[in-house]
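Hello,

Here is the structure I promised to pass on to you. Please have it open while you read, and my notes follow right below it.

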Amino acid sequence: MNTKSLKTLEYDKIIKMLVEQADSEPGKEICKNLLPSVLMAEIQKNQQETADAVSRLFKKGSTSFGGNKDLRYAVKSLEVGSTLSAPELLHLAGQLVNAERIKSYGVSENEDAPRDSLDDYFDNLHPLTSISSEINRCILAEDEFADDASPALKNIRRRIVSTSDKIHSVLRQMVNGSLKSYLQDSVITMRDDRYCIPVKAEYKSQVPGMIHDQSSTGSTFFIEPSAVVSLNNDIRELMLEEKKEIEKILADLSYRCAEHTDEIAENQRILTNLDFIFAKGKLALLMNASCPMYNRKHYLNLKKARHPLLDKNKVVPIDIYLGRDFDQLIVTGPNTGGKTVSLKTVGLLCLMGQAGLHVPCSDRSELCIFNDVFADIGDEQSIEQSLSTFSSHMVNIVEILKKADKHSLCLFDELGAGTDPTEGAALAISILSYLHENEIRTMATTHYSELKLYALSTEGIMNASCEFNVESLRPTYRLLIGIPGKSNAFAISSKLGLPEFIIDKAKEQISSENESFEDVISDLEQNRITIENERKEIAEYKEKIRTLQEQLHAKNEKLDAAKNRILREANEQARDILQEAKDFADETIRDINKAAQSGDVKALESGRTKVRKSIDDKNTKLSQKSAREEKADKKGLVDPSKLKKGDSVRIISMNLKGTVATLPDSKGNLFVLCGIIRTQTNVNDLAYSKEVEVSAPGINMSSGAGKLKMSKAMNISSEINLLGKTGDEAISELEKYLDDAYIAHLSSVRIVHGKGTGALRTAVHNYLRRQKHVADYRLGEYGEGDAGVTIVTFK
């Protein structure tokens, strides 16, 4: 890739953003040197690593690689047998501790989960826990060693303390005794690592000993009394022994580390690579970017693409495709309409993708590999080189034409501008023709009408325009492929207050052909807007119809289940009644036969009375039940005058719920739809069904046919839409929805939160982690909504 285009397309600013996401200096260094690749296998590997890092950041949150230091010099020193200093050993121990923490972060919570491209990195980390623990046990700080770093060091320090105590004891006797009047202060101090006392200058001869220092005023001498010289000498010797013992400890620790230089160097490499990979993942989350698909057919198709350096909450996404049906795209439209941003978006996203970075566009966007990306964008006139705007552009174009081939992408801003319009347009057409003949993918912006006509009349070249709202004098920044743009100079000037007679005079200067061409463009644009609005309304209606169909399907399933349950229970009850009647009849027949054989008339009468009593008891129970039901049902009987088609009712005699299909006739007879069964009944046998009325939002539900009445368990949807809600609003609605879905025995539900800034998605995931009745949740896959939805599975 040529460095000039990288700077022109502001690739360096993307790298700066990437560097800010890295934690360690070695990781930042790799980020600074990142360049686009031209190898398909390498690009796909890098993209997959970025995607896996994003997935882990979603599931486990971020981790830090700040403990990763550059230990290459330390490793080289160990390899040649040198002893590391205390700070170097502490840095090495810190890296090993960091390796252990990162290795733990990489362990999957689900043992059955498929491996990803980062698992090998985590598996190959070597924490060397015993070495890091030993270093941290012995070395407390860069200039402090633990007493128990070795038995010898502990003994030496114990003797130093003992000797110091003796010195203090002797000096305290002097300070508080015979020498008290000779002292400037009654304190014990140190000079050159030897204990001294501050003696007044006039009494220095009265205190035998060695003078080590003098105050700045000369009034005080710091004297080491003769009585402690030997003890101070002992301390000096012990301190030298302590220094030698510390050197032995450092040498021993270095020797132990030298046995694992390969593992330490491998840790350094892996931690640096992981820091770099997770920096790409964090940048993808920051930009709300997605993993592009790569094809070998040399075309690109970017969906809802955004320029990564613009505010993602304000920038207008654009759809761009190039290379499949046409290899050139000529973009026209007014100034500040977004033409140059569209150019830079295409070029920069191609560079980012080939560098292994996710690109800010919708899922399933496609890119291809370009061996080079050339860009002639912006005013590069040079006074020093005596180059005008046109000349500076032409220098760039000449260089591009020399190097570009069919595997290149060429981007031109205002091609042919800066000179005579007629000559500039002719030159632009000639340049584009050369690029078209060589099948070089090209995107150019222009104001020339000649280039619009050239694109309309040439196969393989497509017009595009940046939409502009003349009423508000503001661009919408939407890129419209297939429609040539209009500069709208007259309309804009009129809105800004330019007198009409000047505008009319200007229109006279335009040929009738050009005016007619501009009018055709205007009519096409108006028709496009109308069709687009109608398409949007149709899409909304389709979505509402789909929702109603799902609700109706759910209701029918519930009704079928209820019907089957009722029939099953009725059959079971009938079987029980028949069995009971059979048993009673058998018993009665046996009793009658016995009585007939014995001629016992009283026994025969008793058997007949028993049968009659049993029948009367059954009839009494049925009558009581009917009376109770009638009394209960009268409370909810329908009013024939208020009954409407579509009302939910219950057939009392059959205990079935249904929907009124026809109004009662003169005799009160009507048809009720119970699931798929159309049943005739009488209005006096109907009661209102107490159910919740559900209507699709935005649909006029005044007609009976448009109403769906079903119970809460029936109407619960398998999806909830939280788009446009704040975090608190979404969590409140989600909490109620999950409870209803769980009670309705739904196995899984779909939560639509969109991509956006990622704040709503994070709030939803944080809430789901705390729910005991949620077994698992994951981001949607392709076809389920990708990162814009979360799939929840209940326990």
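Strands β18 (residues 656–660) and β19 (residues 669–674) pair in the antiparallel sense, and two bridges join them. If you would like a place to start looking, take Val 660: its bridge partner in β19 is Val 672. Please keep in mind throughout that this is a predicted model.

That pair belongs to a wider arrangement. Five strands make up an open sheet, and reading across it the order is β20-β19-β18-β17-β21, with antiparallel pairing. At the edges you will find β20 (677–682) and β21 (686–688); each has a single partner strand, so one side of each is left without a neighbour in the sheet. From one strand to the next, the twist averages 45 degrees.

The other spot I would like to show you is Glu 224, which sits in strand β6 (residues 220–225). Is Glu 224 buried or exposed? Its relative accessibility is 0%, and because buried means under 20%, Glu 224 counts as buried.

Which side chains make a polar contact with the side chain of Glu 224? One is that of His 212, at 2.6 Å, and another is that of Asn 232, at 2.7 Å. Both residues also appear among those that Glu 224 touches, once residues up to four places away in sequence are set aside. The rest of that list is Arg 194, Tyr 195, Cys 196, Pro 208, Gly 209, Met 210 and Val 229.

Enjoy exploring, and do write back with any questions.

Best wishes

Methods:
Residues are numbered from 1 along each chain as its sequence is written. This is a predicted model: local features need pLDDT of at least 70, side-chain atom pairs count only at pLDDT 80 or more; totals for chains, interfaces and linings use all residues. Side-chain values use heavy atoms; hydrogens and water are left out. Helices (H or I, at least four residues) and strands (E, at least two) are DSSP runs, numbered from the N terminus. Buried means under 20% relative accessible area, exposed over 50%, partly exposed in between (1.4 Å probe, protein chains only). A polar contact is a pair of N or O atoms within 3.5 Å; within protein, one must be able to donate a hydrogen and the other to accept it, and residues adjacent in sequence count only if both atoms are side-chain atoms. Contact means heavy atoms within 4.5 Å. Two strands pair if DSSP finds at least two bridges between them. Axes are lines fitted to C-alpha atoms, for helices over the stretch in contact, and angles run from 0 to 180 degrees between N-to-C directions.
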